[in-house]
Amino acid sequence: MSAKNEINVMRERDMQQVSARQKVVKTLVKVGVYAFLIAMALVVLFPFYWMLISSVKTLDEYRLSIPTFWPQKIMLSNYAEAFSTANLGRLFMNTLYVGVVSTLLSLVITVLCAFAFARLEFKGKDTMFGLMLATMMIPGELFTITNYQTVTNFGWTGTFTVLIVPFLVSVFYIYLLRQNFLQIPNELYLAAKVDGTSDLKYLWKVMIPLALPTLISITILKMMGAWNSYIWPRLVANDEAHRLITNGLRNAFTTTTGDVNYPVQMAAVAIVSAPLFLVFIFLRKYIMAGVSRSGIKG
């Protein structure tokens, strides 16, 4: 074998060794990444697993000093008891009513405001929009006192109105939809105006269909926000007729002696959480699509 052939063989062998080492490194990195992701998934999912297994335990088993990670006796009757004890049917209807009405009204306000800031020209538009964005840096809790004083003066406390009206306007949703509207070519708007199309007709026929993914995202997020609302409903409308589902679970399972039937309470929490899980599982692609299409052009 000539010296040239020996050099080629050695070079090929070295390349094979380098390639083998690179494959090993890539495999180790991939294993490490998947191990980390699995560990984080277990950390996130364990509370939900504990909620589900606790919801089918007996109260005596739940109070054991050494917790069991699988129920000794499965008590599915806890779910029926939870539904009747907390009057979940009424709570579901109240929450659904507030969520649907507030979402529809909020969508109307959001669409009109976003269209005005994206397409119409008026004096002080940029300054007004900048001031609106500045309010996003103020924690919502700071508005609680002033909002409470306002609704009290209007006599809205203890009504569905107080649960709907104060949160109809969302600067974040307006900003999100405005960014989406800005991606629609302005030539379409100018051509529509030449043809004599009104602003509202152009908005309904052109801009809303093109921005439908973002509108779906806003609808889902608004409904989820209404479903999870706790502090404000508890402060202004915590009576039996207007109580929402998050507040209804707070003390529904506490006896007169102060004891809490935790398995039944966990069953109620599982029932309440189920709609949110289903929304996320089946509609998550719409949420991501709407958000991803709204932050390209500023």
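A residue counts as buried under 20% relative accessible area, as exposed over 50%, and as partly exposed in between. By that scale Ala274 is partly exposed, because its relative accessible area is 33%. Ala274 belongs to helix α14, which covers residues 262-292. Its C-alpha atom is separated by 13 Å from that of Thr246, a residue 28 places away along the chain. These values, like those that follow, are computed from a predicted model.

The nonpolar interior comes next. In soluble globular proteins, nonpolar side chains tend to be buried together. Here the largest nonpolar core has 20 residues, and the members that touch the most other members are Phe115, Leu177, Phe181, Tyr202, Leu203 and Met207. Two or more residues of this core come from each of α4 (88-118), α8 (171-182), α9 (186-194), α10 (199-210) and α11 (212-228). A second core, separate from this one, consists of 15 residues, among them Phe92, Trp227, Ile245 and Leu276. Within the largest core, Met207 illustrates the links between distant parts of the sequence: leaving aside neighbours within four places, Met207 is in contact with Phe115, Arg119, Phe181, Ile184 and Tyr202.

The arrangement of the helices can now be considered. Two packed helices are described by the angle between their axes and the distance between the axes. For α4 and α10, the axes come within 12 Å and cross at roughly 100°. That angle falls in the range of 65 to 115 degrees, and α4 and α10 are therefore roughly perpendicular to each other. On the α4 side the contact is made by Val111, Leu112 and Phe115, and on the α10 side by Asp199, Leu200, Tyr202, Leu203, Met207 and Ile208. Phe115, Tyr202, Leu203 and Met207 have already been named among the core residues that touch the most other members.

The pairing of α8 with α11 has another geometry. Their axes are 10 Å apart, and the packing angle is about 170°. Angles over 145 degrees count as roughly antiparallel, so α8 and α11 are described as roughly antiparallel to each other. In this contact α8 supplies Tyr173, Leu176, Leu177 and Asn180, while α11 supplies Thr214, Leu215, Ile218, Leu221 and Lys222. Thr110, located in helix α4, touches Tyr173, Ile174, Leu177 and Ile218, residues up to four places away in sequence not being counted. Thr110 is buried, because its relative accessible area is 1%.

Helix α11 itself has 17 residues and reaches 24 Å from its first C-alpha to its last, close to the 24 Å expected at 1.5 Å a residue. Its buried residues include Thr214, Leu215, Ser217, Ile218, Ile220, Lys222, Ala226 and Trp227. Helix α6 (residues 143-154) can be treated in the same manner: its 12 residues should span 16 Å at 1.5 Å a residue, and its end C-alpha atoms are 16 Å apart, which agrees. Just after α6, Gly155 takes a positive phi of about 75°.

The loop between α9 and α10 contains Thr197. Not counting residues up to four places away in sequence, Thr197 touches Ala192 and Tyr202. In contrast, Thr197 and Phe160, 37 residues apart in sequence, are 38 Å apart from C-alpha to C-alpha.

Charged side chains complete the account. Side chains of opposite charge can pair when their charged atoms come close. A search of the whole structure finds three salt bridges. In one of them Lys125 meets Glu121, with an N to O distance of 3.5 Å. The two partners differ in exposure: Lys125 counts as buried because its relative accessibility is 12%, whereas Glu121 is exposed, with a relative accessible area of 69%.

Asp199, one of the α10 residues in the contact with α4, forms a salt bridge with Lys193, their closest N and O atoms being 3.2 Å apart. Asp199 is partly exposed at 23% relative accessible area, and Lys193 is partly exposed at 38%. Glu240 and Arg243 also form a salt bridge, with closest N and O atoms 3.2 Å apart. Glu240 counts as partly exposed at 48% relative accessibility, and Arg243 counts as partly exposed at 21%.

Conventions:
Residues are numbered from 1 along each chain as its sequence is written. This is a predicted model: local features need pLDDT of at least 70, side-chain atom pairs count only at pLDDT 80 or more; totals for chains, interfaces and linings use all residues. Side-chain values use heavy atoms; hydrogens and water are left out. Helices (H or I, at least four residues) and strands (E, at least two) are DSSP runs, numbered from the N terminus. The expected span of a helix is 1.5 Å times one less than its number of residues. A nonpolar core is a set of buried Ala, Val, Leu, Ile, Met, Phe, Trp, Tyr and Cys residues joined through side-chain atoms within 4.5 Å. Buried means under 20% relative accessible area, exposed over 50%, partly exposed in between (1.4 Å probe, protein chains only). Contact means heavy atoms within 4.5 Å. A salt bridge is a side-chain nitrogen of Lys or Arg within 4 Å of a carboxyl oxygen of Asp or Glu. Axes are lines fitted to C-alpha atoms, for helices over the stretch in contact, and angles run from 0 to 180 degrees between N-to-C directions. Angles under 35 degrees count as roughly parallel, over 145 as roughly antiparallel, 65 to 115 as roughly perpendicular and the rest as oblique.
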